[in-house]
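Subject: Structure handover

Hello,

Here is the structure for you to look over. My notes follow below it.

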Amino acid sequence: MPKYVDPDARRRIVVDALFRVVVREGLQRTSLRAVADEAQLNIGSLRHYFASQQDLMRFAMQSMLDRVGSRLLERIERIGDLEDHPRPEQLQLTGGLLAELLPLDERRRAEVTVFLDFNTAARTSPAFADLSRQAAEGTRKLVRRVLTRLDASGALRPGLDLDMETERLTALLDGLSLSAVLHPEILNPRASVDVLLAHLGDLSLPVEAPGSAH
C-alpha cells in the first residue's frame, strides 16, 4: 500500500525548511533544490506546492501571513476584554500582542526576514503586489483595532487622532523590525520591546497612585 502522507505535517516541514533557507540565503536566492535538501525531501514532493520561483516566494509570504495571523487571533482571544484588566496590564498585554510582529526570537526573526525580502521583491514585481498590500493593510487593521480597544477601555489620552496614531505605531513596528533584523547587535529584542512599551505608555493616561486625590 502507498504510504500515507499527512499534508498538513508535510506543509509544516516545507515551511520550516523554507524559512531557514530564506534566513541564510535570502528569499530571491532560495531555490526549490535548496528547500528540498533542507527539508530532506524529494524535489518532486515540493513541486506539489510550487513549480516556479514565483510560486515559492508567494508560498513563503502567504505562510508567514497565516502563521502570524493565527498567533495574533489566539492572543486576542486569550486577552478577552481589556476592561477586565488593570490599566498597566492592558498596556503589557497590548505590547505582547504587537510584539508578535517583531523579530524577538528565531521563529519571528525568520518571519520578519521573509516579510522584508518579499516586500523588497514586490516593489518591482506586480506579481507580488497583492500579498504585499494585504500584509500592509493587515498590520494597520491590527494596530487600529488595538488602539480602538485601548481607547474604549479609557486607557488612552483623550483627543488622540487614532488614524494618525495608527500610522505612527505602524511605522514604529516597521522600523523596529527592519533595524532588529539588519543590526541585531545594535537593537536587541529587549530594547525593541522597551521602545514599543514606551510608545504605548506615551499614548496612555498616567496611572494614579493609590490614595491620590481625585
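D194 counts as partly exposed because its relative accessibility is 41%; buried means under 20% relative accessible area, exposed over 50%, and partly exposed in between, with a 1.4 Å probe and protein chains only. D194 is found in helix α9, residues 189-203. Its C-alpha atom is separated by 9.3 Å from that of G95, and the two residues are 99 apart along the chain.

This is a predicted model, in which local features need pLDDT of at least 70 and side-chain atom pairs count only at pLDDT 80 or more, while totals for chains, interfaces and linings use all residues. Residues are numbered from 1 along each chain as its sequence is written, and side-chain values use heavy atoms, with hydrogens and water left out.

Overall picture

The protein has nine helices and zero strands. Helices (H or I, at least four residues) and strands (E, at least two) are DSSP runs, numbered from the N terminus. From the N terminus on, the order is α-α-α-α-α-α-α-α-α. Along the principal axes, the C-alpha atoms fill a box of roughly 75 × 40 × 30 Å.

Of the 214 residues, 41% are buried. Take the contacts (heavy atoms within 4.5 Å). Among those with a separation of 6 or more, 69% are between residues 24 or more positions apart.

The exposed area is about 12000 Å², and carbon and sulfur atoms supply 53% of it. Areas come from the Shrake-Rupley method with a 1.4 Å probe; for residues, only the protein chains shown count as cover.

On charge, there are 28 positive and 31 negative side chains. Lys and Arg count as positive, Asp and Glu as negative; His and the chain ends are not counted. The centres of the two sets lie 5 Å apart, with each charge placed at NZ of Lys, CZ of Arg, CG of Asp or CD of Glu.

The pocket

The largest pocket holds about 530 Å³ of space. On a 1 Å grid over the protein atoms alone, a pocket is an open set of points with protein on both sides within 12 Å along at least five of seven lines, and lining residues have an atom within 4 Å of a point. Grid points are joined across faces, edges and corners, and a volume is the space filled by probe spheres set on the points.

The pocket is lined by 24 residues; V68, L72, L101, G138 and T139 lie nearest its centre. α4 (53-79), α6 (106-122), α7 and α8 (162-182) each supply at least two lining residues.

T139 lies in helix α7. T139 counts as buried because its relative accessible area is 15%. Leaving out residues up to four places away in sequence, T139 touches L101 and T170.

The cavity

How many cavities of 30 Å³ or more does a search of the whole structure find? The search finds one. In a cavity, a 1.4 Å probe fits but cannot get out. The largest cavity has a volume of about 60 Å³. Its lining is I79, L82, L93, T94, L97, V146 and R149. α5 (87-98) and α7 (129-152) each give at least two of these residues. The largest share, three residues, comes from α5.

L97 also pairs with E74 in a distance: their C-alpha atoms are separated by 9.7 Å, with the residues 23 apart along the chain. E74 lies in helix α4. E74 is partly exposed, at 42% relative accessibility.

Best wishes
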